[in-house]
Amino acid sequence: MPLVRIDAPAAPDDALLALGEAVHLALVEAFGIPEDDRFQVLHGATGGQVVYDAGYLGITRDEGVAFVQVFLRRGRTDEQKRLFYRSLAQRAVTAGFEARNLVVTLTENGLGDWSFGEGAAQYLDDPPPGAR
Amino acid sequence: MPLVRIDAPAAPDDALLALGEAVHLALVEAFGIPEDDRFQVLHGATGGQVVYDAGYLGITRDEGVAFVQVFLRRGRTDEQKRLFYRSLAQRAVTAGFEARNLVVTLTENGLGDWSFGEGAAQYLDDPPPGAR
Amino acid sequence: MPLVRIDAPAAPDDALLALGEAVHLALVEAFGIPEDDRFQVLHGATGGQVVYDAGYLGITRDEGVAFVQVFLRRGRTDEQKRLFYRSLAQRAVTAGFEARNLVVTLTENGLGDWSFGEGAAQYLDDPPPGAR
């Protein structure tokens, strides 16, 4: 379900894919999404121009910055979100990114706001476990 | 009002435009938006890299996948959303896409969250019929 | 905090950056965000294809159209949003855009939905003044 958008202008294609993998694994770990629930749009050097503040909230960012935007259904707690950010940071470092360069934002919606093909509203027909 | 983002890396420009038209007509049919309320950003082959699971929820997807993201104001029912997905799937097939390849997500906001030019908040000044 | 996405296919790079600056200054003025809270993804001529209605709500738009999408935390009033649209329109004109060509939309989320690096949820640890 999550739809992930990544903008990381300095990342070569393989690093971009590795960051996408890191985001996915962190979503599985922190939010318990199925391992095959993966949908991402990745923009690297040929994407948009990225503007960032190099010091907001006392964190030093540079041209290696990566914006990660996740659209997902409502229902995760703040503690799960904290875990997601921590898990993503650790995994992104393994993928060659720096934890200081990750800017992450979540946007939530409802069960009726997803269709995974064939014109159906799968989460209305058959809600995921624990969904509310 | 809806702002539509489409990412369909395998679609030539004319197919991309046809999918945009399909989305628009489905929005008109299912949500009753005005026919001239159309704002879309379409990314094809030169857009981002798209990652998708080829079998999530038992639906087979391939490189013809198209992500459709719709930002719209709150107020549509689940039944209207079901109709939107069905209508879009039918129209997208006519446009040369396969219904199994459509991944659609909605994100809602409020009447104060839109400006259509001239620095005004048109939906606050003059709410659309039925808006809440 | 706001994450800003701009799509303005007719804008050269310097105009695009100037529009980004106009959006940022309007966010500072209307919503009171910190001056160093700036994160933007800007797409110009090499971005997606933009489809727009040339007359919706009686406003004439042309190929100079610019879509501005702002993701921000909840808590701003309708009056603040009105001020944002007005301020942005005035500043965008100075940047070489026409007020009639601006299509703006906001999408809100919560304090737990942001991480600005290092794997932390900074707005949960230390909420911004006035946040709710």
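**Close-up views of a predicted three-chain model**

**View 1. The second largest cavity holds about 30 Å³ of space.** This model is predicted, and our tour begins where chains A and C share a lining. Chain A brings A:Tyr85, A:Leu88, A:Ala89, A:Leu102 and A:Val104 to the wall of this second largest cavity, while C:Ser115, C:Gly117, C:Glu118 and C:Gly119 come from chain C. Two elements of chain A, helix H2 (78-94) and strand E5 (102-109), each provide at least two of the lining residues. Which element gives the most to this lining? That is H2(A), with three residues. Sorted by class, the lining of the second largest cavity is made of five nonpolar, three polar and one charged residues.

**View 2. The largest cavity encloses about 100 Å³ of space.** Altogether, two cavities of 30 Å³ or more are found in the structure. Around the largest one you will meet residues of chains A, B and C: A:Arg5 and A:His43, then B:Arg5, B:Asp7, B:Val41 and B:His43, and finally C:Arg5, C:Asp7 and C:His43. The elements that contribute two or more residues to this lining are strands E1 (3-7) and E2 (39-43) of chain B, along with strand E1 (3-7) of chain C. How many charged residues does the lining of the largest cavity have? There are five, and they are joined by three polar residues and one nonpolar residue.

**View 3. Chain B is laid on chain C by a turn of 120 degrees.** As general background, a rotation about an axis and a shift along it relate two copies of a chain. For chains B and C the shift along the axis is 0.0 Å and the RMSD is 0.0 Å. This is the relation of a three-fold axis. If you follow the C-alpha atoms of chain B, the one nearest the axis belongs to B:Gly47, at 4.1 Å from it. The contact residues of chain B recur in chain C to the extent of 13%, and the copies use different surfaces.

**View 4. Chain A superposes on chain B after a rotation of 120 degrees.** Here the shift along the axis is 0.0 Å, with an RMSD of 0.0 Å. In chain A, A:Gly47 has the C-alpha nearest the axis, 4.1 Å away. Why do the copies of chains A and B meet through different surfaces? Only 13% of the interface residues of chain A are also interface residues in chain B, so different surfaces come together.

**View 5. An edge-to-face pair brings together A:Phe39 and B:Tyr56.** Over all chains, the structure contains 27 aromatic pairs. In this one, the ring centres are 6.0 Å apart and the planes make an angle of 65 degrees. A:Phe39 sits in strand E2 (residues 39-43) of chain A, and B:Tyr56 sits in the loop between strand E3 (49-52) and strand E4 (66-73) of chain B, so the pair joins two chains. Are these two residues buried or exposed? Both A:Phe39 and B:Tyr56 are buried. Ring pairs also place them in a cluster with A:Trp114, A:Phe116, A:Tyr123 and B:Phe67.

**View 6. B:Phe116 and B:Tyr123 form a tilted pair.** The centres of the two rings are 5.0 Å apart and their planes are at 55 degrees, so the pair counts as tilted. B:Phe116 is buried, with a relative accessible area of 0%. Its partner B:Tyr123 has 3% relative accessibility and is buried as well.

Methods:
Residues numbered from 1 in each chain as written. Chains lettered and ligands numbered in written order. Predicted model: local features only at pLDDT ≥ 70, side-chain atom pairs only at ≥ 80, totals over all residues. Heavy atoms only, no water. Least-squares fit on C-alpha atoms with pLDDT ≥ 70 in both. Contact = heavy atoms within 4.5 Å. 1 Å grid on protein atoms, 1.4 Å probe; cavity = no way out; pocket = protein on both sides within 12 Å on 5 of 7 lines; lining within 4 Å. Points joined across faces, edges and corners; volume = space filled by probe spheres on them. Helix = DSSP H or I, 4+ residues; strand = E, 2+ residues; numbered from the N terminus. Nonpolar A, V, L, I, M, F, W, Y, C, P; charged D, E, K, R; others polar. Phe/Tyr/Trp six-rings, centres within 6.5 Å; stacked < 30°, edge-to-face > 60°. Buried < 20%, exposed > 50% of the residue type's maximum accessible area, 1.4 Å probe, protein only.
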